[in-house]
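Colleague: Could you walk me through one part of this model slowly, starting from a single strand and working outwards? I'd like the plain picture, with any cut-offs spelled out as you go.

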Amino acid sequence: MAGDVPPPTDLPKCWAFLAEGVDHIMCHLQTGVSFSKYMSLYSVAYNYCTQTNSKYSGASHLAKSSTDFIGSDLYSRLIKYFVVHLKGVASSANDLQGEALINFYADEWDRYTMGANYVNRLFTYLNRHWVAREREEGRTHIFPVYTLALDQWRANLFIPIQQRRNRMTNVMLKLIESHRNGSVIDQGLVKKVVNSLVSIGIDRKDPDGVCLDVYTTEFQTPFLEATVQFYRKESETYLATHSVPEYLKKVEERLKEEEDRVDRYLNTSSRDLLVSVCEKTLLRAHRDKILSSVSHMLEFGKDDDLRRLYALVSRLGVKDGLTPLRKKFQEFLNKLGQSAVEKLIGEDAGSTAEKVDARSYADALLRVHRRGLEIVKIHFGDDIFFFESLDKACRRYINLNAVTGNSSGRSPELLVKFIDALLSKANKASEETVEASLNDVMTLFKYLDDKDIFQTFYTERLSKRLVYDLSASDEAEASMLTRLKATCGWDYTNKLERMFTEMKTGKEKTDNFKAVMTERYGTPSLSFVIMVGCTFLWPLNPPTHKFTVPAELRPTYDRFTSWYKEQARNHQLQWLWNHSSCELMTNYLNQKYIFMTSAYQTAILLQFNNEDTLSLEELITATELPKEEILPVLNLLCKGKVLLDGGDHQYDLNPNFKSKKIRVKLNQPIKSAVRKEEAKIRDDVEEHRHFAIQATVVRIMKGRKTMRNQPLIQEVVAQVSQRFVPKIPDIKKAIEVLLEKEYIERVGDSDLFTYCS
């Protein structure tokens with residue numbers, strides 16, 4: 001066998017020997033190659049590349065080694081072989097069309113690449129030394145033999161076939177379109193062709209790296225254009241005959257199909273681009289129509305459709321997809337909240353808005369919030385931006401609705417009334433139910449713009465529960481204060497907590513007083529509790545008119561006044577008879593009743609111990625109550641049928657009074673007094689706001705020293721908004737007041753202010 005191997009110095013014979021072997025490998029590899037033949041071929045290539053020849057070692061050839069020269073000749077003959085071989089193969093494809101062309105291409109590719117791989121091994125030494133040296137010296141057009149074979153396939157087979165009206169690409173696109181339309185295709189065949197396009201893309205600087213130039217230019221770009229055309233036509237046709245939810249199902253299926261397509265027979269680099277053009281064509285182009293169905297889905301609770309909508313719209317990004325969806329959700333929730341409130345007051349809002357039940361109002365607001373929370377959690381994937389939209393919608397319909405009108409202070413007032421009902425003794429709900437309701441209250445509370453109004457009304461209601469002993473549980477009261485403190489801070493609940501402390505000390509003072517009086521005068525004939533509180537803590541105002549203490553209460557009144565002066569010489573007592581309550585037992589009826597009365601009612605009824613009939617003038621004289629104060633009290637007693645209005649301002653004690661209850665509550669709130677009190681609370685809040693804004697401006701300027709008008713206003717809004725939403729004119733007015741008071745001063749005619757220390 002060795003005798004048949006040509007000498008390494010004879011290039012023509014060496015190449016003739018190698019060419020015969022290479023051609024057998026490239027064309028007839030299926031018949032096999034013996035080991036001895038393969039080793040002979042390898043040896044000829046090796047010996048030729050490693051020979052030394054004196055005629056190449058002279059001084060005139062120092063610039064190029066003999067191995068460089070010999071490798072070059074061998075490399076050039078390999079190129080010529082690949083060119084001739086591939087042109088012959090390409091000519092066989094001239095008459096092929098459609099899938100037959102693709103099958104031919106794929107079969108020839110398999111045969112060619114397998115042969116090229118064996119040939120590459122034959123020329124291992126050429127690759128390792130000559131090719132490597134050439135590339136090191138910057139000759140990037142020189143490749144390892146296998147890469148050379150791929151490069152020649154591109155130039156001499158693929159391009160000639162492709163140049164005939166993009167034959168290869170068009171056939172591939174038709175196959176994929178058929179697949180999209182439901183036909184079965186040979187996916188392995190498509191994948192093989194795609195892989196070949198990736199393989200023949202060669203980076204001259206890094207032949208071993210992946211280069212997608214051929215794949216991108218010859219297939220991916222026209223493929224994406226065809227995809228846009230296909231789905232544009234399909235989406236327009238489908239939307240014209242189907243509903244949006246049905247269309248979304250179709251889009252979901254199509255997007256999944258396209259991602260599967262990448263996994264099955266496309267290059268993974270196409271995934272993002274393919275998905276992007278599909279999203280643009282199927283979703284972005286029809287975004288407005290898709291979003292127009294959001295309200296219907298939300299209104300009728302289309303759970304699956306909403307989840308699918310969110311998932312698909314999310315693909316468009318925050319700006320083009322989620323932001324418009326958030327706006328739709330926010331608008332729907334606000335509309336739902338407004339509708340829920342309108343249902344409470346009926347059609348004639350003007351006549352019933354003032355009478356709306358606080359509990360029903362709170363429940364209506366909470367139902368809408370729960371619905372919005374459920375939508376975000378279940379359908380919108382706990383998306384933090386949708387929680388923000390939920391908060392914005394709730395803040396809007398809770399503060400301004402058909403009940404509140406243009407005043408955002410109505411909701412805090414009703415919420416306080418709801419809490420008052422929860423924490424009063426009249427509420428027979430379990431402790432667990434009360435705690436759950438308080439949690440619900442805090443959910444609404446965080447959306448209130450006017451938390452200062454809530455604080456003022458809550459302070460007033462709490463004071464009455466404490467003074468009249470109406471609280472169901474001290475623990476529940478403390479629990480509510482803890483929640484408020486956690487939300488708004490220590491300053492918000494400071495006075496409320498001190499009121500509780502004073503209640504405890506007040507009871508201790510009563511017990512001490514009773515002990516002293518018992519020691520001095522024996523067991524008292526009356527059971528009483530006297531609460532003493534600091535004026536600045538309690539939102540309770542003393543009466544502005546005179547009041548004669550009934551003779552039955554006079555001894556206790558005088559003794560306590562005297563005793564308290566001894567205990568607190570620097571304190572002055574003010575008796576709040578308008579906030580006092582009593583219990584009277586009847587002795588003039590067959591059935592004994594206990595009347596729960598106010599101090600004024602008590603003073604009036606005690607006058608009937610001596611007379612059955614008294615005139616208005618006689619009652620005014622006996623109690624010293626003004627006519628405008630005593631008339632509403634008498635009306636309540638007559639309404640309760642304890643007294644009878646005899647006409648001409650004569651009042652009779654009703655000897656036939658009857659009631660199903662032993663304890664009869666006569667101490668009902670007087671509507672005119674309640675309205676007057678609520679109006680005063682609102683006036684006080686407005687006045688406090690003016691001072692709060694001024695104090696905030698001073699605090700900011702004290703820290704900043706100098707500040708311009710607009711940034712100052714913005715900073716005031718940011719700080720004050722934690723308690724209430726300030727009006728810009730009020731802030732400007734506060735700045736003018738502080739300029740007059742010389743807390744701050746203006747620099748020249750500019751809008752710059754400085755702090756006056």
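How many of the five residues of strand S2 (residues 594-598) are buried?

Modeller: Quick ground rules before I answer. This is a predicted model, so local features need pLDDT of at least 70, and side-chain atom pairs count only at pLDDT 80 or more, while totals for chains, interfaces and linings use all residues. Residues are numbered from 1 along each chain as its sequence is written, and side-chain values use heavy atoms, with hydrogens and water left out.

Now, S2. Four of its five residues are buried, so the strand is largely enclosed by the rest of the structure. Buried here means under 20% relative accessible area, exposed means over 50%, and partly exposed is in between (1.4 Å probe, protein chains only). Strands are DSSP runs of E with at least two residues, helices are runs of H or I with at least four, and both are numbered from the N terminus.

S2 has a neighbour on each side in an open sheet of three strands, in the order S1-S2-S6. Strands pair if DSSP finds at least two bridges between them. With strand S1 (residues 581-585), S2 runs antiparallel, and five bridges join them. Cys582 is the residue standing opposite Thr597 of S2. With strand S6 (residues 663-665), S2 pairs in the parallel sense over three bridges. There, Ile594 sits opposite Arg663 of S6. Put together, that makes the pairing in this sheet mixed. S1 and S6 are at the edges with a single partner strand each, so one side of each has no neighbour in the sheet. From one strand to the next, the twist averages 25°; angles run from 0 to 180 degrees between N-to-C directions, using axes fitted to C-alpha atoms (for helices, over the stretch in contact).

There's a helix to add. H25 (residues 599-606) lies across S1 and S2, at about 120° to S2; contact means heavy atoms within 4.5 Å.

It helps to set a second sheet beside this one. Here three strands form an open sheet in the order S3-S5-S4, with antiparallel pairing. Strand S3 (613-615) and strand S4 (643-647) are the edge strands, each with a single partner, so one side of each is left without a neighbour in the sheet. The twist averages 30° from one strand to the next. Three bridges join S3 to strand S5 (residues 650-653), and these two run antiparallel. Ser615 has Gln650 as its bridge partner in S5. This sheet has a helix across it too: H26 (residues 616-623) lies across S3 and S5, running at about 80° to S3.

Last stop, the backbone in two loops. Most residues other than glycine have a negative phi. Asp469, though not a glycine, has a positive phi of about 55°. You'll find Asp469 in the loop between helix H21 (451-467) and helix H22 (474-488). Its relative accessible area is 48%, which makes Asp469 partly exposed. Lys705 also has a positive phi, near 75°, in a residue other than glycine. Lys705 belongs to the loop between helix H28 (671-704) and strand S7 (706-708), and at 45% relative accessibility Lys705 counts as partly exposed.
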